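Trainee: Could you pick one part of this structure and take me through it slowly? I'd like to know what sits where, and what it touches.

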Amino acid sequence: MAEFTQWATLLSVTNLTPHVRQLVLLPKERPLSFAPGQWVSLKLPVGPNPPLNRAYSMAAPGTASGELTLILDRVTDGLGSGYLYGLSPGNAIQLSGPYGNFTLPSQLDRELLFIGRFTGLVPIRCMLKQMYAHHRMDSVLLIAVAPDEDDLLFHHEFLTLAIHHPGFRYLPLVAAGGEQQAVDLVLSMLRPLMNGGPQMLPMLCGTKQFVRPLRAYFVESGYERKEVKTETYD
Ligand SMILES: Cc1cc2nc3c(=O)[nH]c(=O)nc-3n(C[C@H](O)[C@H](O)[C@H](O)COP(=O)(O)OP(=O)(O)OC[C@H]3O[C@@H](n4cnc5c(N)ncnc54)[C@H](O)[C@@H]3O)c2cc1C
């Protein structure tokens, strides 16, 4: 089936950290129904062969009024994110979607283990909001890695969730040394938790350099590849 592309109006722009911004969009033609963890493709009028397609995950579950909340960082020399950082409320953006399979399993029979780095936490935050709204917070561990202390995304929100839901455990980490240090730190937290056989449902999100070594570690530890859900960002 042909992809349906439509215009959306940018309703608001909010800086969440010095490097991360939230955009709220309202599709003009059709409401977009999506599962938390999915993403939209923005068609941006930049680059040598416009439109430039860039994927952004929904940061909050769907609402009755149909807004889409996206959260992105400004990548150095990034064509798409640079363009999006120049937009103001009232501007229009073309998009299609939703897409993607990085979504919650229908049955949660093991502890859910979310691991995200920086904006890789965006779809995870969306899933957590959905779970919280539907009282499905039985057993969740979130390992959240930030590139610096200012960029610990959703930190207060996750702390509040952890205070109110004993089944939700939140482990924030800061790794200023890039993806490799982030992977090393996460592995040092994971090793004591891996007490024989696949006991968790891992869901990993971030750049390839972050996600791939972690997935490899789960596979070496006895998980089947398909048991480790991943979303990679570059
Ligand atoms: C399924 C999916 C969902 C995504 N969801 C989000 C989201 O919710 N929020 C978000 O901020 N991004 C998200 N991304 C990443 C996003 O689509 C863009 O890749 C990112 O914004 C950079 O695009 P750009 O055009 O600005 O950079 P480009 O012009 O493509 O790249 C410029 C330079 O930056 C490097 N680079 C590209 N992407 C990244 C990155 N993410 N981190 C560090 N360096 C990078 C490139 O290798 C290149 O050297 C998602 C990607 C995918 C595939």
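Mentor: Let's start with Arg125, which counts as buried at 9% relative accessibility. Buried means under 20% relative accessible area, exposed means over 50%, and partly exposed is in between (1.4 Å probe, protein chains only). Before we go on, this is a predicted model, so local features need pLDDT of at least 70 and side-chain atom pairs count only at pLDDT 80 or more, while totals for chains, interfaces and linings use all residues. Residues are numbered from 1 along each chain as its sequence is written, and side-chain values use heavy atoms, with hydrogens and water left out.

Back to Arg125: it sits in helix H2, and its partner Glu157 is in helix H3, 32 residues apart in the chain. (Helices are DSSP runs of H or I with at least four residues, strands are E runs of at least two, and both are numbered from the N terminus.) The two side chains form a salt bridge, with the closest N and O atoms 2.8 Å apart. That term means a side-chain nitrogen of Lys or Arg within 4 Å of a carboxyl oxygen of Asp or Glu. Side chains of opposite charge can pair when their charged atoms come close. Unlike buried Arg125, Glu157 is partly exposed, with a relative accessible area of 29%.

Now zoom out to the two helices. H2 covers residues 121-133 and H3 covers 155-164, and they pack at an angle of about 35° with their axes 12 Å apart. The axes are lines fitted to C-alpha atoms, for helices over the stretch in contact, and angles run from 0 to 180 degrees between N-to-C directions. Their crossing is left-handed, meaning the near helix is turned anticlockwise from the far one by less than a right angle (clockwise would be right-handed). On the H2 side, the contact is made by Arg125, Leu128, Lys129 and Tyr132, and on the H3 side by Glu157, Phe158 and Leu161. Contact here means heavy atoms within 4.5 Å. Sort those residues and you get four nonpolar, no polar and three charged. For that sorting, Ala, Val, Leu, Ile, Met, Phe, Trp, Tyr, Cys and Pro are nonpolar, Asp, Glu, Lys and Arg are charged, and the others, Gly among them, are polar.

Next, step back along the chain from each helix. Ahead of H3, in the loop that follows strand S8 (140-146), you'll find Asp151. Asp151 is buried yet has no salt bridge, and its nearest side chain of opposite charge, Arg117, is 8.9 Å away. (Lys and Arg count as positive, Asp and Glu as negative; His and the chain ends are not counted.) Neighbours within four places in sequence aside, Asp151 touches Thr17, Pro18, His19, Val20, Phe118 and Ala146.

Phe118 is worth a look too, since it belongs to the loop between S7 and H2. Phe118 has a positive phi of about 55° although it is not a glycine, and at 11% relative accessibility it counts as buried.

And Arg117? Its side chain meets that of Glu179 in a salt bridge (3.6 Å, N to O). Arg117 is in strand S7 and Glu179 in helix H4 (residues 178-190), 62 residues apart. Both ends are buried: Glu179 has a relative accessible area of 18%, and Arg117 has 12%.
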